[in-house]
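Please describe how the interior of this protein is organised, with attention to its packing and its open space.

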Amino acid sequence: MSNGSFFPEPGRRGGTLAIVLVTLIPACFVGWLLWSSLGGSKDDGADGVGGASGASGPTTSSTSSPPPPSSGASAPPAPSGKSGKPGTPGKPLKGKVVVIDPGHNSHNREHPSQIARLVDIGTEKKECDTTGTATNSGYPEASFTLDVARRARILLEARGATVRFTHDGDRPYGPCVDERAEIGNKAHADAAVSVHADGAAAGERGFHVILPKSVRGGGADTSAITAPSRRLGERLRAEFAEATGSAPARYIGDGSGLDVRGDLGGLNLSTVPKVFIECGNMRDSQDAAELTDTAWRERAAHGIAQGITDFLNE
């Protein structure tokens, strides 16, 4: 035994080092695996995604979409476009008043003497109202107009408009044409539309919009409303054609889809922008097939509602 430092024998030193290395290498490897699984290999490069190995999940870059809403939250609704179609949303109609006049009344035929009495329309006198036309199968124009008017009302009210009817199937007959105009006047309507369907000869197809002629006489004076009524009519023509796929009638208005008249009390006596729309020909079998179809009437209502919306958003 020596009092100085102890130096191991050469063979013994090599054996000890080997034992140490055998012990440390596996431990280091296990440690590296643990570190890597905890995200130690994540690359914070400018592309904003993980390293080339893809071991770590993607990170959000400045151009990525926002994360989905958390549980319990609802995603924002998609923009609603024209007539409920996708696209650029229209302006709201809050504060706007729209009067819709469903043409005729299903009970008019039960009151022949009342609807036959004459009323003053400014330029002349005409019957209070008429029974309207019908398809060859017996579907009445009055039923069609009330259904389409109610559908258009739903759409316009959803956009914020105040919608008033001249009647809602709740009157024994009428109202007379002079009262129909007066309802729109008293409401100070921003727009008024009378919904009808035509009774032309079989084979004549399509829709058209009737505009007020500039008339003055008796209680009629349309000089202030002819220009805005034409703009309303032009927008109705465009949107109705787009919504329904119908073409303007060729048998009237030279195929323009617009007809100017000075013999309708509902127009002559109006002091607010107003037009009539004849949605199709009930006496033509092809038009009648559309007018009696529920889905087509919904499209017609969309066209009317959007035409009014376009006009009010000018």
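Which helices and strands each supply at least two residues of the lining of the largest pocket? In this predicted model, strand S3 (125-127), helix H4 (177-186), S5, helix H6 (265-268) and S10 each do so. The space in that pocket comes to about 360 Å³, and 18 residues line it, those closest to its centre being His104, Val177, His196, Leu264 and Phe276. By character, the lining residues divide as follows.

| Class of lining residue | Number of residues |
|---|---|
| Nonpolar | four residues |
| Polar | seven residues |
| Charged | seven residues |

Turning to the packing, the largest nonpolar core holds 38 residues, and Ile100, Phe144, Leu156, Cys279, Ile304 and Ile308 are those with the most contacts inside it. Several elements each supply at least two of its residues, including strand S1 (97-102), helix H3 (141-158), strand S5 (191-198) and strand S10 (274-281), while H8 gives the most, with eight residues. Phe144, leaving aside its neighbours within four places in sequence, is in contact with Tyr139, His196, Ala197, Cys279, Met282, Leu291, Trp296 and Arg297. Another core, of six residues, lies apart from the largest one and has Val97, Ala187, Ala192 and Val272 among its members.

Strand S1 deserves a separate look. Because six of its six residues are buried, S1 is largely enclosed by the rest of the structure; Val97, Val99 and Asp101 point one way from the strand, and Val98, Ile100 and Pro102 point the other way. S1 runs parallel to S4, to which four bridges join it, with Thr162 as the bridge partner of Val97. S1 also pairs with S5 in the parallel sense, over five bridges, and there Val98 stands opposite Ala191.

Technical notes: Residues numbered from 1 in each chain as written. Predicted model: local features only at pLDDT ≥ 70, side-chain atom pairs only at ≥ 80, totals over all residues. Heavy atoms only, no water. Core = buried A, V, L, I, M, F, W, Y, C linked by side-chain atoms within 4.5 Å. Buried < 20%, exposed > 50% of the residue type's maximum accessible area, 1.4 Å probe, protein only. Contact = heavy atoms within 4.5 Å. 1 Å grid on protein atoms, 1.4 Å probe; cavity = no way out; pocket = protein on both sides within 12 Å on 5 of 7 lines; lining within 4 Å. Points joined across faces, edges and corners; volume = space filled by probe spheres on them. Nonpolar A, V, L, I, M, F, W, Y, C, P; charged D, E, K, R; others polar. Pairing = 2+ DSSP bridges.
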